[in-house]
Amino acid sequence: MRWLLLVAFVAAAGSAPAATFRSEDRIVVPRGEVLEDDLYAFGQTIVIEGDVRGDVVAFGSNVQVPGRVHGDLISATQDLRVDGRVDGSVRGAGQRLVLNGEIGKDAIVAGQSIDLSPQATVAGDVTAAGATLRLSGSVGGDVRMEGRKVALDGAVGGAVQARADEVSIGDQAVVKGPLEYRSVRQASIPSGAQVGDVRWQPAERRAPGPVWFLLGWLRLSIGLFALGLVAAWVAPKLAREAPATLRARPWVSLGIGAMALVAAPLVGAMVFGVGLLFGGWWLAALLFAALLIAMSLSFPTVGLVVGRWLVGRFAGARGGLALMLATGVVLLALVIRVPVVGALVAFAALVLGLGALLMAGWHLRRAPAPA
């Protein structure tokens with residue numbers, strides 16, 4: 001199973017002849033090094049100073065690209081900074097994203113804070129969603145932004161569509177196409193800005209009350225707790241092995257989970273196509289069902305790891321499975337409910353838990369049966 005995922009993931013990479021996989025705390029492609037392959041990096045800190053002739057897929061806490069990527073850059077991280085050049089597109093999610101270099105195609109980004117600095121250039125379109133968005137660079141195509149605060153102070157060759165509580169336009173703003181935005185208050189257009197057709201739609205400030213937040217938190221916590229208990233009852237060995245695997249090998253779990261999310265749909269589509277010709281197309285449905293179940297179990301798995309650490313830290317060895325699971329999923333559900341940051345945490349928990357479950361299932365399958 002594992003080799004099949006690897007083959008499918010590499011096949012999806014594009015035109016590069018091969019792929020390089022790296023998984024460690026700090027991964028660096030030094031200045032002067034040239035990688036002719038796609039690079040899949042999973043670690044705490046990932047720095048691309050050299051030249052990567054294919055795509056870069058980077059999952060970690062801190063990703064920096066002062067060098068050059070000839071293909072696409074796909075990243076999920078806490079902090080992403082691009083100071084070099086990406087010939088393809090940038091697809092990134094993180095808490096803080098800074099685009100300060102050259103992007104040859106499109107930029108599709110989401111995060112708490114997104115900054116397209118004055119030195120940045122994007123040849124294609126920009127699609128951004130987050131809490132605070134600032135566009136001061138140059139964009140050749142269209143721009144679509146949604147967040148709480150949106151600041152436009154750069155050059156846009158196409159149209160701009162924005163939706164936010166607060167929209168501001170700076171003196172350096174240049175918009176060749178129409179500017180359509182929806183906000184609580186109408187933005188003032190400074191004399192130095194060059195903006196053509198402007199269309200504003202008033203919007204009400206959305207402020208969900210604490211009751212709905214607490215209700216959603218409670219429902220999510222109960223659902224994850226019940227799912228974890230059912231998993232521990234149906235598959236007790238897997239329920240014990242997966243959290244242990246995640247604690248022992250977090251970065252490998254992250255890499256395997258990311259590969260599974262990309263490879264499983266490709267493998268499923270291939271099985272479905274072959275099944276239509278030769279029979280057995282329903283195997284694809286079983287594959288997708290198994291993937292959905294594993295994705296659902298990812299959250300209790302991560303919650304159990306968090307709960308085990310918290311209970312062990314404050315209650316010693318007196319905590320049972322139910323207490324550790326409840327503690328972990330309650331905290332995890334609370335963070336997931338936080339806007340923007342919660343989506344990033346949920347994605348990280350999904351990838352980590354999925355990878356740990358796959359590795360644990362593979363280990364149990366290969367373990368010798370007791371005599």
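I'll start with one pair: the side chains of Arg85 and Glu102 meet in a salt bridge, with 3.0 Å from N to O. Arg85 lies in strand β9 and Glu102 in strand β11, so this pair ties together parts that are 17 residues apart in sequence. Keep in mind that this is a predicted model. Arg85 counts as partly exposed, at 29% relative accessibility, and Glu102 does too, at 41%.

The next pair is Asp87 and Arg68, whose closest N and O atoms are 2.9 Å apart. Asp87 sits in the loop between β9 and β10, while Arg68 is in strand β7, 19 residues away. Is Asp87 buried or exposed? Asp87 counts as buried, because its relative accessibility is 17% and the cut-off for buried is under 20%. Arg68, at 33%, is partly exposed.

Elsewhere, Glu180 in strand β20 and Arg199 in strand β22 are tied together, with 2.7 Å between their closest N and O atoms. Returning to the earlier residues, Arg68, Arg85, Asp87 and Glu102 are joined into one network by salt bridges that share partners. In total, the structure holds 11 salt bridges.

Now the sheet. It is open, with 10 parallel-paired strands in the order β3-β5-β7-β9-β11-β13-β15-β17-β19-β21. β3 and β21 are the edge strands, each pairing on one side only. Between β11 and β13 there are 2 bridges, and Ile103 stands opposite Val122 in β13.

Last, the interior. The largest nonpolar core has 49 residues, and Leu39, Leu73 and Val143 are among those with the most contacts inside it. Strand β18 gives the largest share, 5 residues. Apart from that core lies another, of 16 residues, including Val302 and Leu350.

Conventions
Residues are numbered from 1 along each chain as its sequence is written. This is a predicted model: local features need pLDDT of at least 70, side-chain atom pairs count only at pLDDT 80 or more; totals for chains, interfaces and linings use all residues. Side-chain values use heavy atoms; hydrogens and water are left out. Two strands pair if DSSP finds at least two bridges between them. Helices (H or I, at least four residues) and strands (E, at least two) are DSSP runs, numbered from the N terminus. A nonpolar core is a set of buried Ala, Val, Leu, Ile, Met, Phe, Trp, Tyr and Cys residues joined through side-chain atoms within 4.5 Å. Buried means under 20% relative accessible area, exposed over 50%, partly exposed in between (1.4 Å probe, protein chains only). A salt bridge is a side-chain nitrogen of Lys or Arg within 4 Å of a carboxyl oxygen of Asp or Glu.
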